[in-house]
Amino acid sequence: MKLHEFQAKRLFAAAGIPTTRNIPAATPAQASRAYTTLKARLKGGKAFAANVKAQIHAGGRGKAGGVLVAKSAAQARAQASALLNKPLVTSQTGAAGLPVRWVLVDERIAVAKEYYLAVTIDRSAARPVMLASREGGVDIETVAKTKPDAIARELIDPLVGLLPFQARRLQDALGLSGEQAKAFGQIAAGLYRVFTGHDASLAEINPLAQAPDGRVLALDAKLVLDDNALFRHPDLAKLRDPSQEHPLEFRAAQIGISYVDLDGNIGCLVNGAGLAMATNDIIKLYGGEPANFLDVGGGANVEQVTKAFEIILSDTRVAAVLVNIFGGIMRCDWIAQGLINATKAMKVKVPIVVRLAGTNVEEGKRLLAQSGLSLTAADDLAQAAQQVVALAKTLKSKI
């Protein structure tokens, strides 16, 4: 689960990380008042300026026109009005963009130098890693591709945490010394506390800025939380913004189903992440395009299967559906009953190919055969993939 910048900055500040002073606003009037409050709080003069930043779960906002400058309360209102309740399209959002429900009226400061600092998971090493770079203010993916040596890395033993010598090696890599080095050490330690204390998969400051007066502070903040640990953080779970998520992915998450929207027209209902990926691969092998990745999991019941099928069919692009179930913990008769329930309730008109194998497979096949529904049965995955691709292409050619 991603947090907005203003939400992440609150958590960063609570961990002792200096951030720009800011006030979120959901309306132009609130933005105007936020500017006035910030100006008074910071004792700004006539030239006081603030950034009005669109709050979406994607980067690249500045280049996309999502960060505007306000030099008066009236201008803050106008800039907020230009951003709020409109989609913002960036390099990370896709063509549809993401809706702007909040803006952040943020202290605007001069910047002498920009750095990058983050903590994430190194999955190959199975432990956290802290990343730092002098190439701040740009996409770290671009830096990793064009200047991999510009990124310093420190693997962290989760049993002991970030050690002082590791922070010193990172600050040396950034060329920091004196008071700036001391400030960096405190920020790095604070960022690691945020990462571990909130069960995050990413805690990022980009850019981490050095101001002309020597201060080192976070100009931006990104925090991505592990969905599997949200039960331990009900206060953070309440911060979820459904407007920033694909509606079908959000619905699936609410019922404990793994769903990822893709660009194709063949819906997939599978149990097991590995089998789901293999199903998507074999559909592409035979010339089709999957519309989704969907894993109902090993312990799903009839209700979850029914809802999963409803989610697939809610996608108007779906021209055919492949149900591929290997029954281990998941019973084939549960899948069959869920399929029958959803098909009858939604008056399904697209063709469905079903491949069942494993626990209670004969009972599952019996339920499907007696349902009266028009279903295409397949004995193996290759046959199922070929059939569903052919059916999807046939339907597409008739449109």
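This is a short walk through a few spots in the structure, with something to select at each stop. Keep in mind that you are looking at a predicted model.

**Stop 1: aromatic pairs**

Searching the whole structure turns up 3 aromatic pairs. Start by selecting Tyr 35 and Phe 48, a tilted pair with 5.4 Å from centre to centre and 55° between the planes. Zoom out a little and follow the chain from one ring to the other. Tyr 35 sits in helix H2 (residues 28-41), while Phe 48 belongs to the loop between H2 and strand E2 (50-55), so this pair links distant parts of the chain, 13 residues apart. Are these two rings buried or exposed? Tyr 35 counts as buried because its relative accessibility is 2%, under the 20% cut-off. Phe 48 has a relative accessibility of 10%, so this residue counts as buried too.

Now jump to Tyr 192 and Phe 195. Here the aromatic pair is stacked, with 6.4 Å centre to centre and 25° between the planes. Show helix H6 (residues 178-197) as a ribbon and you'll see why they are separated by about one helical turn: Tyr 192 and Phe 195 are 3 residues apart in that helix. Both Tyr 192 and Phe 195 are buried.

**Stop 2: Glu 154**

Next, select Glu 154, which you'll find in strand E9 (residues 151-155). Its relative accessible area is 8%, so Glu 154 is buried. Which side chains does Glu 154 meet through polar contacts? One is Gln 166, with a side-chain polar contact of 3.4 Å. Another is Arg 169, where the polar contact between the side chains is 2.7 Å. Now bring up the wider surroundings. If you set aside neighbours within four places in sequence, Glu 154 is in contact with Pro 128, Val 129 and Met 130, as well as Gln 166, Arg 169 and Leu 170.

**Stop 3: helix H11**

For the last stop, select residues 332-346, which make up helix H11. Try your viewer's distance tool on the two end C-alpha atoms: they are 21 Å apart. That agrees with the expected span, because 15 residues at 1.5 Å a residue should cover 21 Å.

Then colour the buried residues of H11. Among them are Cys 332, Asp 333, Ile 335 and Ala 336, and further along come Gly 338, Leu 339, Ile 340, Ala 342 and Thr 343. Finally, step just past the helix to Lys 347, which follows H11 and has a positive phi, near 50°.

Conventions:
Residues are numbered from 1 along each chain as its sequence is written. This is a predicted model: local features need pLDDT of at least 70, side-chain atom pairs count only at pLDDT 80 or more; totals for chains, interfaces and linings use all residues. Side-chain values use heavy atoms; hydrogens and water are left out. Rings of Phe, Tyr and Trp (its six-membered ring) pair if their centres lie within 6.5 Å; planes under 30 degrees apart count as stacked, over 60 as edge-to-face and the rest as tilted. Helices (H or I, at least four residues) and strands (E, at least two) are DSSP runs, numbered from the N terminus. Buried means under 20% relative accessible area, exposed over 50%, partly exposed in between (1.4 Å probe, protein chains only). A polar contact is a pair of N or O atoms within 3.5 Å; within protein, one must be able to donate a hydrogen and the other to accept it, and residues adjacent in sequence count only if both atoms are side-chain atoms. Contact means heavy atoms within 4.5 Å. The expected span of a helix is 1.5 Å times one less than its number of residues.
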